[in-house]
Amino acid sequence: MSTPFPFTAIVGQDDLRLGLLLNAVSPAVGGVLVRGEKGTAKSTAVRALSTLLPDVAVVAGCRFSCDPAVPDPACPDGPHGADPGTSRAARVVELPIGASEDRLVGALDIERALAEGVKAFEPGLLADAHRGILYVDEVNLLHDHLVDTLLDAAAMGASYVEREGVSVRHAARFLLVGTMNPEEGELRPQLLDRFGLTVEVAASREPDQRVEVVRRRLAYDDDPAAFAARWADEEAALRARIVAARALLPEVRLGDGALRQIAATCAAFEVDGMRADIVMARTATALAAWAGRTEVLAEDVRQAALLALPHRRRRNPFDAPGLDEDRLDDTLREFGDDDPDPDPDGGGPDGGPGGGPRDGDANGDDSGDGSGDDGGPREDEPARPEAGDQDGSPSGGGGGEQRAVGAGEPFRTRMLSVPGTGDGAAGRRSRSRADHGRTTGSRRPRGALTKLHLAATVRAAAPYQRARGRSGPGLVVRRDDLRQAVREGRESNLVLFVVDASGSMAARQRMGAVKGAVLSLLLDAYQRRDKVGLVTFRGKEAEVALPPTSSVDAAAARLELLPTGGRTPLAAGLLRAHDVLRVERTRDPSRRPLLVVVTDGRATGGPDPVALASRAARLHAAGGTAAIVVDCESGPVRLGLAAKLAGDLDGAAVTLDELRADAIAGLVRDVQSAARAGRAA
C-alpha cells in the first residue's frame, strides 16, 4: 500500500483543510465539495485525511462493517450475536466515474436466485464506504443514474438492490467527499445540495508558497516513507486534536442567540429549504469543538455560513457560487446578542485551518501546475473581443464592430433531439440503447447478466421443464435460458452552436433577442447533460469561441461578451463547424452531434457567398449531422434564406418565437421529422 502525502504537509489551502477536518470531527455535517482548478491538492488532501481518522470497530467477518455495539438487524451477513468485534482503519472508498451501477450498489446473482432461491449478493462500493468516506473525483462528470443512486443512499442511510422482485438492503452511512473542476461542467442541483460544505481552492500566486509546495512534493516523490516520517509528530498531534474535539462535541452548547443568527442568515440569503440551517448549526457546533470551546460564538456562525451557504445560493446554472460577506456581517450584527463581532477577515477560529489566505496552493497528484497565470485566457474566461471588419454589410444593420449587447430574458425551449437511436453517454436528450429506461425487448446476455427480462427467460425455459425432470412448483432454469432486457433510454449529445455575429445581426434589440435564445438553449443543454461548443462568424472569418466542453457556464460567458459587426462569412462558419465535429467524432465517436445554426441566412463576402454557404451546408448533410436553423430574420419583408439553408442542411428551420416550448402546444418533434414537414409544406 502506498504512503499517502501527510495532511499536515499541505501548504496553505486553509479552507480545504478546515472543511475536511470539521467533517472528521462531526460526520453529521454532511460531507464537503471541493471546487477548483487542476493541480490544487484536492485529491491529495482527501486521501491524506484517511490517516487521521480514528479506527472503526466492526463485527469480525461482516462485509458490511456493522458496529459490534449496535449491529444492523437487517444486515445480509446477520444476524450478529454477541461479538467483541475488531478494529480497522477508516476507509476512503473511491467511486470511479465510469463505474457501473452494480459496482456501486452490489451485484445480485439472478441465476442462483431463480434456480436455487438463494440471495447470492456481492457487496458494492456503498457497502465498502459504510462508516467511512466515499470519495468521488470529478463528481460533476458522474453519470446521472449513479447520481440518482448516490442521492438515494445518502438520503436514507441505506442501499437497496432490487432485481425482478429479489431485494437486498444494507446500511450505507458515509461521509461524501467530492472534487470537481468547474471548467468541466457544474453539478446537478440535487447532488449539490447533498454536500454539507463547499470550498473553493486555487493555486497560490505567492512565489514563496509555490516554492515550498514544489520542494515538499519533490521530497515526497523521492522517498514517500521518509517524508511521511518527518511529519509523523505533526500528524499524531492533529489526530489527537480530532479525537479530543469528537469527545467535546456532545458538550458544545448551541444557544438561542446563535440559532437566531443561523436562521436569520439563511433567510437573508434566500436559500431553499431547511437543510442549510441544519448544516450551519452542525458546522458551527463542530467549529466550537475544534476550537476547544463548549459555546458557539458568532465567529463560528460566520465561518459556518461561508462554508455551508455559497453552493446553495445558485438560482440558475450560470450563477457563480459565492456569498456577500458585507451583507453576512450586517445580518450577524443585526441579530447578534452579547457575542463578539464576527471576524472581519473571515479567519477560522482559534487560529486553526481556515484562518489563512484563501488563494491556497498547488500540491498533490492532480495533473497540471495550477498556475493559470501565463497571460493567456483560461477556458472558462470569455475571449477578448477582436476588432472586426469595418466595411459594412450590404444587407444593412451596421458595418463596424459594435459593443457587446446583453442577452435577453431566457425562456423554456422546445425539445430538440437527434433522430435515430444512439449509444452515447447517459443524458436526457436523444433516444439511445442504455442500461436504464423503457424495456423494448430481450436478447441473450453477452457476458454477465445485468438486467433480467423475466418473461423472456420463463418463455425460454418453459418448453424444457419435463425433459429437465421438473417435479415441483419451482422452475428449472439453465444459464442458456436467461435473457437480458434491452432498454431504451436517453443520451446526451454534443450541441454545437454556430452564431452569426455579423453586421446584419447588429441591431441591438435583435442581437439581444438572439443571445437570449442561445442562452435558453444553453440552459436546456445543461439540464440535458450535453456537451456544448460555440463557433461564431463575422468580418472575414469564423472562429471557435469555445471548443466542445461540459462547462455550459463557459459558453454563456463567451456569448455574453460576443461583439457584432462586419460582413457575413456564413460558409466559413459552417466549414469551421465541420472541422470541429470531425475532430470530436474521432475523440468521442459515440456522442452524436446536433448542429444549431443561429442566423438570418444572409451571406456576404467573396465571389458567390450564397453558393459557397450552400455547398458547406450540404457537406454537413452528407455526413449525417442533425441540424436546425434558428431563423433570426425580422421585419415585414423576409427573404426566407434561413429556410433555404435548413434545406441544404437537411434540417429544420424555426423562428425565435417557434423556439419557445409554449409556442408548439407541447408537441415534441425531432429534427428529421421537422425537416420533412418543412419540405412537404
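**Cores, salt bridges and unusual backbone angles**

Both Arg528 and Asp524 are buried, where buried means under 20% relative accessible area, exposed means over 50%, and partly exposed covers the values in between (1.4 Å probe, protein chains only). The structure is a predicted model, in which local features need pLDDT of at least 70, side-chain atom pairs count only at pLDDT 80 or more, and totals for chains, interfaces and linings use all residues. Residues are numbered from 1 along each chain as its sequence is written, and side-chain values use heavy atoms, with hydrogens and water left out.

The side chains of these two buried residues, Arg528 and Asp524, meet in a salt bridge with an N to O distance of 2.9 Å. A salt bridge here is a side-chain nitrogen of Lys or Arg within 4 Å of a carboxyl oxygen of Asp or Glu. The pair does not stand alone: salt bridges with shared partners join Arg429, Asp524, Arg528 and Asp530 into one network. Across the whole structure, the search finds 29 salt bridges.

Another of these pairs is formed by the side chains of Arg431 and Glu488, at 3.2 Å from N to O. Arg431 lies in strand 12 (residues 426-434) and Glu488 in strand 14 (residues 484-491), so this salt bridge ties together parts that are 57 residues apart in sequence. Helices (H or I, at least four residues) and strands (E, at least two) are DSSP runs, numbered from the N terminus. The two partners can also be described by their accessibility: Arg431 is partly exposed, with a relative accessible area of 38%, whereas Glu488 is buried, at 18%. A further salt bridge links Glu299 with Arg293, with 3.8 Å between the closest N and O atoms. Glu299 is partly exposed, its relative accessible area being 25%.

Attention now turns to the nonpolar interior. A nonpolar core is a set of buried Ala, Val, Leu, Ile, Met, Phe, Trp, Tyr and Cys residues joined through side-chain atoms within 4.5 Å. The largest such core has 63 residues, and Leu20, Trp290 and Leu309 have the most contacts inside it. Helix 12 (residues 275-290) gives the most to this core, contributing 10 residues. A second, separate core is made up of 38 residues, including Val514, Ala517, Leu519 and Leu594.

Helix 2 (residues 42-49) offers a helpful picture of burial. In this helix, 7 of the 8 residues are buried, so helix 2 is largely enclosed by the rest of the structure. The buried residues of helix 2 are Lys42, Ser43, Thr44, Ala45, Val46, Ala48 and Leu49.

Backbone angles bring some surprises too. Most residues other than glycine have a negative phi. Arg131, however, has a positive phi near 70 degrees. Arg131 sits in the loop between helix 5 (125-129) and strand 7 (133-137), and with 27% relative accessibility it counts as partly exposed. Glu270 also has a positive phi, near 55 degrees. Glu270 is placed in the loop between helix 11 (256-268) and helix 12, and its 54% relative accessibility makes it exposed.

A last example concerns Ala229, which is found in helix 9 (residues 224-230) and counts as exposed at 53% relative accessibility. Ala229 and Pro6 are 223 residues apart in sequence, and in space they are 9.2 Å apart, C-alpha to C-alpha.
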